[in-house]
Amino acid sequence: MSQLKYKRILLKLSGEALAGEGGYGIDPERVHELAQKIKRVRHLDVQVAVVIGAGNIWRGQIGMRHGMDRATADYMGMLATVINALALQDALEQIGCDTRVQTAIEMKAVAEPYIRRRAIRHLEKGRIVILAAGTGNPYFTTDTAAALRAMEIDAEVLIKATKVDAVYDLDPKVNPNARRYEHLTYLDALNMRVGVMDSTALSLCMDNDLPIVVVDLWGESSIERVVLGDDIGTLISS
Ligand code: UDP
């Protein structure tokens with residue numbers, strides 16, 4: 001088997017990854033495709049933890065725009081990540097992947113509570129661990145949850161698998177001359193206010209020297225290529 005660059009990864013997926021046309025809701029076929037992708041990475045003998053967002057169902061900002069209390073709107077977002085996590089767990093188990101969901105907000109009838117040591121133990125046993133309910137706190141995002149959990153479980157990289165294939169200075173769909181970056185320092189990314197990751201998450205990664213790779217989720221073998229050490233997407237590091 002090829003040499004692995006990363007043996008334990010934290011994969012950050014936006015809620016949109018589960019959505020069908022229009023970016024809303026859960027499309028079971030899409031979830032199945034996503035599960036197949038994750039299974040292929042796991043089959044390289046990589047330990048895989050996943051943090052999932054909820055933009056396909058609810059974001060705190062939607063409620064705020066309509067005058068909702070921020071914390072309430074954010075808790076709704078965190079609960080929505082649990083719905084996504086269960087959909088992904090089901091799809092993974094249907095194709096034979098042993099999977100555990102852990103939630104940052106306790107709901108024992110539905111999933112295990114997040115317990116760091118137990119999450120690590122699951123990973124060591126080859127289980128895919130889906131970490132849901134963000135950080136458990138309002139005013140944060142699931143990107144920040146991904147950075148936090150990656151550090152806690154000693155992941156070697158945070159892979160932000162998204163709908164763009166790299167970080168650009170301008171929107172490449174609108175500007176054909178947009179510059180594509182293969183590497184950015186944390187400070188560059190913070191100063192550029194890159195859209196792919198918020199500043200809280202970036203700062204946390206910078207302070208703890210956790211590399212981030214931004215890659216196209218739906219690109220051919222994109223996540224496998226990252227763990228095998230191919231230079232694809234954008235590496236954000238020191
Ligand atoms: N959220 C939160 N605290 C967290 C993580 C998430 O309050 O630690 C809420 C927040 O309202 C956010 C929503 O959950 O808008 C969904 O998460 P996010 O927007 O990060 O999802 P994504 O964009 O990755 O799909």
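Visitor: In which hand, left or right, does H5 pass H7 in their crossing?

Guide: In this predicted model, the crossing of H5 past H7 is left-handed.

Visitor: How should one describe such a pair of helices, and what are the values for H5 and H7?

Guide: Two packed helices are characterised by the distance between their axes and by the angle those axes make. Here, H5 spans residues 142-152 and H7 spans residues 199-207; their axes come within 8 Å and cross at roughly 15°. Angles under 35 degrees count as roughly parallel, and H5 and H7 are therefore roughly parallel to each other.

Visitor: Which residues of H5 and H7 meet?

Guide: From H5, the participants are Asp143, Thr144, Ala146, Ala147 and Leu148; from H7, they are Thr200, Ala201, Leu204 and Cys205. By class, this contact of H5 with H7 has six nonpolar, two polar and one charged residues.

Visitor: At what angle do H1 and H3 pack?

Guide: The same general description applies: an angle between axes and a distance between axes. Helix H1, residues 28-42, packs with H3 at an angle of about 65°, and the two axes are 9 Å apart. The crossing of H1 past H3 is right-handed. On the H1 side, the contact is made by Val31, His32, Leu34, Ala35, Ile38 and Lys39, and on the H3 side by Ala87, Leu88, Ala91 and Leu92. Eight nonpolar residues, one polar and one charged make up the contact of H1 with H3.

Visitor: Let us turn to the ligand. Which residues around the ligand come nearest?

Guide: Gly53, Gly55, Gly60, Gly77 and Gly134 come nearest, out of the 21 residues around the ligand. Helix H3 (70-94) and H5 are the elements that give two or more residues to this shell. The largest share, four residues, comes from H3.

Visitor: How many residues of each class does the shell around the ligand have?

Guide: The shell has 11 polar, six nonpolar and four charged residues.

Visitor: Where do the "binding site" annotations in UniProt fall?

Guide: These annotations come from an unreviewed entry. One of them covers Lys12, Leu13, Ser14, Gly15, Gly55, Arg59, Thr162, Tyr168 and Asp171. Those positions are spread over 160 residues of sequence and are also spread in space, up to 24.5 Å between C-alpha atoms. Leu13 lies in strand S1, residues 8-13.

The "binding site" list in UniProt also includes Asp74, Thr135, Gly136, Asn137, Pro138, Tyr139, Phe140, Thr141 and Thr142. Although spread over 69 residues of sequence, this group clusters in space, with a largest C-alpha distance of 11.0 Å. Asp74 is located in helix H3, the element that supplies the largest share of the ligand shell.

Visitor: Which residues does the domain annotation cover?

Guide: The unreviewed UniProt entry assigns "domain: Aspartate/glutamate/uridylate kinase" to residues 7-216. Over residues 7-216, the chain is 39% helix and 20% strand, and the end C-alpha atoms are 20 Å apart.

How values were computed. Residues are numbered from 1 along each chain as its sequence is written. This is a predicted model: local features need pLDDT of at least 70, side-chain atom pairs count only at pLDDT 80 or more; totals for chains, interfaces and linings use all residues. Axes are lines fitted to C-alpha atoms, for helices over the stretch in contact, and angles run from 0 to 180 degrees between N-to-C directions. Angles under 35 degrees count as roughly parallel, over 145 as roughly antiparallel, 65 to 115 as roughly perpendicular and the rest as oblique. A crossing is left-handed if the near helix is turned anticlockwise from the far one by less than a right angle, and right-handed if clockwise. Two residues are in contact if their C-beta atoms, placed from the backbone, lie within 7 Å. Ala, Val, Leu, Ile, Met, Phe, Trp, Tyr, Cys and Pro count as nonpolar, Asp, Glu, Lys and Arg as charged, and the others, Gly among them, as polar. A residue is near a molecule or strand if its C-beta atom, placed from the backbone, lies within 6 Å of it. UniProt positions are given in the numbering used here, feature names are shortened, and annotations may be inferred rather than shown by experiment.
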